[in-house]
Amino acid sequence: MIIQLMKIYPYLTFLFSLIASVSFTMVDAQKKISEGAVTYTVSYELSATQLLYADQYPKEITCYFRGDSSAATTNQGAIIVKGVSVFKANYHSLIIDIPSLSKKILVVMTPEEVEQEKAANPQFTSTKGTEKEVIDGYNCTKATVTDAKNGGSYEIWVTNDIDMPPNSVSKLVSDFGGVPIRFITFNRGIRINAEIKEIKEVTVPPGFFSAAKDYQPMSFTDLKAMAAGGK
C-alpha cells in the first residue's frame, strides 16, 4: 500500500545492481567477475524516529551487474524496488512494483537530482592499513576512510582476491585498494553497515536494467511527495 511506500522511502534512493546460479567463497588467485549478482547483508544506524520503521528496511540487498550497469533490488513483499544505475552515463532510475495495488512506477532522476543526492554523501579519503583478516573466505586488508566534511572515520575491509565492478551498495568505498567486503556506506545521512554474503556468476537477462512499457512514469519530486504523505 502507499503507506508502506511512505515508510520505506528512506532507502528508496539508496537502491541505485541483480539473478542466480554458481557461487564461490574461496579463491586462490584474483578472479575477474564482469557479470553476476552479489548479495549483501545490511544493518542501519537509525535515529529514534527512524527506528519506528526499522522493520521496513531491507536486511539484504542483491545487486546484479554487467559492465557499468547495475540494479539493486529489494523485495519487501508489498513493494518491490529495483534501483538501476549506469555510472558512466550518470543514469539512475527507480523501478517500483506495488502488487497489492497493481501499480508499477518508473522514476528517472534528472542530472540535477543525481548531483543533489551525491552532495548529501560523505567525501571519503582512505588510509590503507596493514591488518589482515579472512572474511567470508576472502583475504582482506583493513583500511580507514575519513569523511572530509565532518572528520568522521570508519573502518572497511577490502580484498584483491576478486575484481568486479562497483555497484550501488559498494560505489562510495570502491576506490580504496580493492573490492569492499565488509564496509560502511551512507544513504541520505543514514549509516549502513554492509557485508558480502554471496557472489554468483550468472547471466543478467536482457532488458533487466530497463522498465517495461506498462510502468507509469513519475518524477522524483512526485515520488518524494508521495512518500512524505502526498496522494
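1. Let's start with I156 and its surroundings in this predicted model. Setting aside neighbours within four places in sequence, I156 is in contact with T141, K142, A143, V145, V173, F176, R182, F183 and I184. Try clicking through these residues one by one in the viewer.

2. Where does I156 fit in the wider picture? It is a member of the largest nonpolar core, which has 36 residues. Along with V38, Y40, F124, M164 and I199, I156 touches the most other members of that core. Several strands give two or more residues to this core, among them strand 3 (35–45), strand 9 (124–135), strand 10, strand 11 (153–159) and strand 14 (190–201). A second, separate core holds 14 residues, including I105, V107, M218 and F220. As background, nonpolar side chains in soluble globular proteins tend to be buried together.

3. Now have a look at T141, one of the contacts of I156. T141 sits in strand 10, which covers residues 138–147. Is T141 buried or exposed? T141 counts as buried because its relative accessibility is 12%, and the cut-off for buried is under 20%.

4. T141 also has a polar partner: its side chain and that of K132 are joined by a polar contact of 3.1 Å. Not counting residues up to four places away in sequence, T141 touches K128, G129, E131, K132, I156, W157 and V158.

5. Finally, step back to the whole protein chain. It contains 4 helices and 15 strands. Of its 231 residues, 47% count as buried. The chain exposes about 11100 Å², with carbon and sulfur atoms supplying 52% of that area.

Note on methods: Residues numbered from 1 in each chain as written. Predicted model: local features only at pLDDT ≥ 70, side-chain atom pairs only at ≥ 80, totals over all residues. Heavy atoms only, no water. Buried < 20%, exposed > 50% of the residue type's maximum accessible area, 1.4 Å probe, protein only. Polar contact = N/O pair within 3.5 Å; in protein donor to acceptor, adjacent residues only side chain to side chain. Contact = heavy atoms within 4.5 Å. Areas by Shrake-Rupley, 256 points an atom, 1.4 Å probe, with all protein chains shown as cover. Core = buried A, V, L, I, M, F, W, Y, C linked by side-chain atoms within 4.5 Å.
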